[in-house]
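Student: I've got a model open and want to know what the labels on it rest on. Can we go through them together?

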Amino acid sequence: MREALFAALDARGALEEAHVLDLFCGSGALGLEAASRGAASVVLVDSAKPAAAVAKRNANAVAARGAARATVVTQRAERFLADSGAHFDLVLIDPPYDLDADVLHETLSLLVTRLSSDAVVVLEQSKRAEAPDVPGLELERSKKYGDTVIHWLSPTT
């Protein structure tokens with residue numbers, strides 16, 4: 001699934017020199033893959049201190065191989081988005097499957113103001129979850145992979 005995702009992002013030209021945000025980053029694998037494929041900057045956000053510590057170690061290892069050094073933020077996604085003034089070209093969101101739908105909706109609503117005009121938002125969810133419906137975001141397509149679905153979203157103009 002990850003290889004298919006990044007092949008599609010590469011084909012779309014969404015990685016080269018992109019400013020990337022990885023929300024609910026866990027180990028940082030998605031954001032760091034973007035860094036290794038030419039992203040200009042990467043921010044990894046996770047509220048869990050152990051996950052953020054792993055993401056920092058992984059970010060240092062990827063940067064040592066020549067990729068952009070990722071910034072790791074230990075904070076709730078919605079708090080980060082409310083406080084941040086940064087704008088992003090690519091946002092990778094892989095929340096826990098049991099994340100409350102209201103929290104995800106709030107996070108996506110806050111994200112809208114942090115997107116560049118041609119941004120790509122990739123959201124991974126359980127196939128049992130409903131596709132997001134957030135003002136300011138348009139669902140481009142969805143693709144199922146076993147029990148997972150990947151939603152491709154973009155800002156509405």
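Tutor: Sure, starting with the largest nonpolar core: it has 28 residues, and those with the most contacts inside it include F6, L9, L92 and V122. This is a predicted model, where local features need pLDDT of at least 70 and side-chain atom pairs count only at pLDDT 80 or more, while totals for chains, interfaces and linings use all residues. Residues are numbered from 1 along each chain, and side-chain values use heavy atoms, without hydrogens and water.

Student: What makes a set of residues a nonpolar core?

Tutor: Its members are buried Ala, Val, Leu, Ile, Met, Phe, Trp, Tyr and Cys residues joined through side-chain atoms within 4.5 Å. Buried means under 20% relative accessible area with a 1.4 Å probe, protein chains only. Apart from the largest core lies another one, of 22 residues, with F88, L108, V134 and L153 among them.

Student: What is L92 in contact with, leaving aside its neighbours within four places in sequence?

Tutor: Its partners there are F6, L9, V20, L21, D22, L23, L30, G31 and V122. Contact means heavy atoms within 4.5 Å.

Student: Why is the pair of F80 and F88 called tilted?

Tutor: Rings of Phe, Tyr and Trp (its six-membered ring) pair if their centres lie within 6.5 Å; planes under 30 degrees apart count as stacked, over 60 as edge-to-face and the rest as tilted. The ring centres of F80 and F88 are 6.5 Å apart and the planes stand at 45°, so this pair is tilted. A search of the whole structure finds 1 aromatic pair. Both F80 and F88 are buried.

Note on methods. Buried means under 20% relative accessible area, exposed over 50%, partly exposed in between (1.4 Å probe, protein chains only).
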